Amino acid sequence: MVTKGKVLVCNFQFSFINFTNMKKANYKVIGVMSGTSLDGIDLVYVNFDFKNSWSYKILKAETIPYPLNWQETLSAAIDYSEERLEELNKKYTNFLSGIISRFIETHQIKDIDAVCSHGHTIKHEPENNYTLQIGNLPELAYLSGQTVICDFRVQDVKLGGQGAPLVPIGDQLLFSDYKYCVNLGGFANISTEKDDKRLAYDICATNTVLNYYAQKLGKEFDEGGKLAASGNLNEDLLKKLNSLAFYTQKPPKSLGIEWVKAEVFPILEKYEDNIQDILHTYTVHVAQQIAKTLDDNPNSKVLMTGGGTFNNFLIRLLKKESNCHFTIPSDEIINYKEALIFGLLGVLKLRDEVNVLKSVTGAKNDHSSGVIYEI
């Protein structure tokens, strides 16, 4: 049965639809992801096919860098008032719809079941039953001219979950050949199977910190980890970083920029007389924290993705810290795995199937999360 509820937004009528019967074998969707590292907006046009199990093919993919004004705005928005956030949400939705529309037009994409968009996280406070991703307003459907599936995190938080990470359902369905899936984005996170349950959690802040200090040296990011490699290890700083209380917590657990500002930056600020040493020491810290989550078995395959995978210095350190077998996939998977999986989350929502796992987030139950806007 299909149920509809109507809401009037900007004089246009949208439908919130439960696509219970929309189960078919093939879907073509656009996955859209904006990460906390503010590298840009990742878009993938992907074909998902279901024959006993899920398979995929990325047809088109592109990253649209954020203009400097948007980088600065999104970085500062955590401190905005509720009124300013509402206004920012509208402006970002307009901006995002333009990015999506240009992607469709540039690549002459005709066949689209839905646009599946993560939005951009401004605040993530699951301990306060709150998470905010902007760009998930109903106007996104009208402005882009597409059915939109979005706002995947809010429902999980309402169900007592962390609202993160959400990618592990895709690891389970698309990348089950690997014992571990590690993503190196704004935060490093891990996904694995244990006792027939998928477990996943955030490990530590990664590019949110490394990019911040690279920018103090006039670089957008530390290309290849060269700046970090040129520095020296500060044992005292490393000890303080490794002593952060978050690392002793058991999963499910997740991180937000709030934690970085409250816990990490106050430590690092005392050592800013040498930025290269901070970058070097923090990169060692990341490698050690990731290695602690692995079993150190040479037969354990680890899939590495996310922008941090291009940090050669970090990868070298990680291989020194762990005996696991690390796989560096194609650039396409490194760059677009999260956007790809948010596309899958949207498809699962269309089918009214589970796309968020309670074993991962700590929610009361597995559930099918997200909101569907149809023009």
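## Two domains in contact

Two residues are in contact when heavy atoms of theirs lie within 4.5 Å. By that rule, 30 residues of domain 1 are in contact with 26 residues of domain 2. This is a predicted model, in which local features need pLDDT of at least 70 and side-chain atom pairs count only at pLDDT 80 or more, while totals for chains, interfaces and linings use all residues. Residues are numbered from 1 along each chain as its sequence is written, and side-chain values use heavy atoms, with hydrogens and water left out.

Domain 1 takes in 26-164 + 336-373, and domain 2 covers 173-333; such bounds come from an automatic or database domain assignment. Their C-alpha centres are 24 Å apart.

## What the interface holds

Let's look at where the domains meet. Zero salt bridges are found across the interface of domain 1 and domain 2 (a side-chain nitrogen of Lys or Arg within 4 Å of a carboxyl oxygen of Asp or Glu). On the side of domain 1 that touches domain 2, there are 15 nonpolar, nine polar and six charged residues. Here Ala, Val, Leu, Ile, Met, Phe, Trp, Tyr, Cys and Pro count as nonpolar, Asp, Glu, Lys and Arg as charged, and the others, Gly among them, as polar.

## A closer look at Thr309

Thr309 counts as buried because its relative accessibility is 5% (buried means under 20% relative accessible area, with a 1.4 Å probe and protein chains only). Leaving aside residues up to four places away in sequence, Thr309 touches Leu184, Met304, Ile315, Ile328 and Ile334.

Definitions and conventions
Buried < 20%, exposed > 50% of the residue type's maximum accessible area, 1.4 Å probe, protein only.
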